[in-house]
Amino acid sequence: MRLRGVILLMPLVLAAGLALWLWGGGGMDRLAVWAAGEQREAQNAIARAVRAIKQGEGGALFGLMSVAFLYGVFHAAGPGHGKLLIGGYGLGRVVPALRLAGLALVSSLAQSLSAVLMVAAGIGLLSWTRTQVTGLADGVLSLASYLAVAAIGLWLVWRGARGLLHRGAHGPAHGHDHPQLHDAGHDSVHHAGHDHTCTHAHGPTPEQAAQVHSFRDALMLIGAVAIRPCTGALFLLIVTWRMDIFAAGIAGTFAMGLGTASITVAAALAAVWLRQGTLDRLRAGLTGAGTAARLAALTELCAGALVALTAFSLALRLV
C-alpha cells in the first residue's frame with residue numbers, strides 16, 4: 001500500500017520539481033529568452049507573408065496563417081498567464097478534461113477577438129498610433145490581466161481555506177456547497193464552463209444555481225485571459241490595417257489564437273491528468289469522507305496559491 005502511494009505521488013513530485021526549476025532555478029527566464037527569440041523569427045516571417053499577400057502571390061494567405069499559428073505556439077510556450085490559470089484551475093478543481101480543454105480553446109480565441117476589437121477601435125475609430133495601441137496592451141491591460149489572474153488564485157485559496165476551517169471545526173458537512181469531493185469518474189455536471197458545485201453534498205444542489213456558478217467561473221477565466229491581447233496579434237492587425245488587407249490580418253490573428261490554444265489545451269489536459277492520476281486516487285483510497293474532503297480543500301488552496309503568487313510575480317515585472 002505504501003509503494004502504491006509513492007507511485008501515485010510521483011507525478012506530483014515531478015511537477016513540484018518542474019515548478020522549483022521554473023521559479024527558483026532560473027528556468028522561467030531561460031524559457032522567456034528562448035520563446036522571445038522564436039517569436040522574433042516568426043514575426044519576421046509574418047511580415048514577409050503580409051507583403052506577399054499585398055503583392056497577390058498565390059498561397060500567401062495560407063503561409064501567413066501557418067507562421068501565425070507557430071507564433072502563437074511560441075508565445076504560449078513562454079511565461080504567461082493563460083496556461084497558468086487554466087492549469088492551476090484544473091488542478092485545484094474537479095473539472096472534466098474536455099470541458100477544461102474547451103475553455104482553454106475559447107479563452108485563446110477570445111484573446112484573438114479582443115485584439116481585433118482593440119485595433120478596430122483604437123486605429124479605426126480613435127486614430128491611435130501603433131505605439132499607443134501596443135503601449136496600452138503592454139502596460140495597463142497586462143497589469144490588469146495579471147491582477148485578475150491573481151484574484152482568481154486568491155479566490156481558490158479562500159475557498160480551500162474555508163473548506164479546511166469548516167471541516168476542521170465541524171467535520172464533513174452535509175448539504176453544503178463543497179468543491180471536489182467525489183471521484184473524477186462521477187463528475188456528471190452537464191453545464192458549460194466549470195464545476196463550481198459540491199458533488200459530496202448529501203442533498204442535491206439546485207441545477208439552476210449550479211449553472212449560474214459554472215457560467216460565472218467560465219466568464220472569470222476567459223475574461224482574465226482575454227483582457228490582454230497578444231502583442232504579435234496587434235502587430236499583425238495594425239500592419240494589415242495600414243495595407244488595406246485587414247481581413248487577412250484577422251484570419252492570421254485567429255490562427256495565432258489556435259497556436260496559443262494548442263499549449264493551453266495541453267496544460268489543461270496535463271492538469272486534469274495530474275489530478276485524476278494522483279489526487280483523486282489518493283482521496284478514493286482514504287478512509288473517511290472527512291479526510292478526503294480536507295485533502296480536496298488543501299489541493300484547492302495550494303493550486304490557488306501557486307496561481308496567485310506566479311501572477312503577482314509577473315505583475316511586479318511591469319511595475
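These are my notebook entries on helices, cores and one valine in a predicted model.

**Ground rules.** I am working from a predicted model, where local features need pLDDT of at least 70, side-chain atom pairs count only at pLDDT 80 or more, and totals for chains, interfaces and linings use all residues. Residues are numbered from 1 along each chain as its sequence is written, and side-chain values use heavy atoms, with hydrogens and water left out.

**Entry 1, the cores.** I looked up the largest nonpolar core (buried Ala, Val, Leu, Ile, Met, Phe, Trp, Tyr and Cys residues joined through side-chain atoms within 4.5 Å; buried is under 20% relative accessible area with a 1.4 Å probe, protein chains only). It has 33 residues, and Ile46, Leu64, Val119, Leu234 and Met256 have the most contacts inside it. Helices here are DSSP runs of H or I, at least four residues, numbered from the N terminus. H2 (27-54), H3 (60-77), H5 (97-125), H6 (130-170), H8 and H9 (246-285) each supply at least two residues of this core. H2 gives the most, with 7 residues. I also noted a second, separate core of 24 residues, which includes Ile86, Val149, Val272 and Val307.

**Entry 2, helix H8.** I checked the length of H8 (residues 231-242), whose expected span is 1.5 Å times one less than its number of residues. Its 12 residues should span 16 Å, and the end C-alpha atoms are 17 Å apart, which agrees. Among its buried residues I found Leu234, Leu237 and Ile238. Just after H8, Asp244 takes a positive phi of about 60°.

**Entry 3, H5 against H8.** How do the axes of H5 and H8 cross? I fitted them as lines to C-alpha atoms over the stretch in contact, with angles from 0 to 180 degrees between N-to-C directions. They come within 10 Å and cross at roughly 45°. H5 and H8 are therefore oblique to each other, since angles under 35 degrees count as roughly parallel, over 145 as roughly antiparallel, 65 to 115 as roughly perpendicular and the rest as oblique. The contact (heavy atoms within 4.5 Å) includes Val119 and Ile123 of H5 and Leu234 and Trp241 of H8.

**Entry 4, Val119.** Is Val119 of H5 buried or exposed? At 0% relative accessibility, Val119 counts as buried. Beyond its neighbours within four places in sequence, Val119 is in contact with Gly124, Leu234, Leu237, Ile238 and Phe246. Val119 and Leu234 are 115 residues apart in sequence, yet 6.8 Å apart in space, C-alpha to C-alpha.

How values were computed. Buried means under 20% relative accessible area, exposed over 50%, partly exposed in between (1.4 Å probe, protein chains only).
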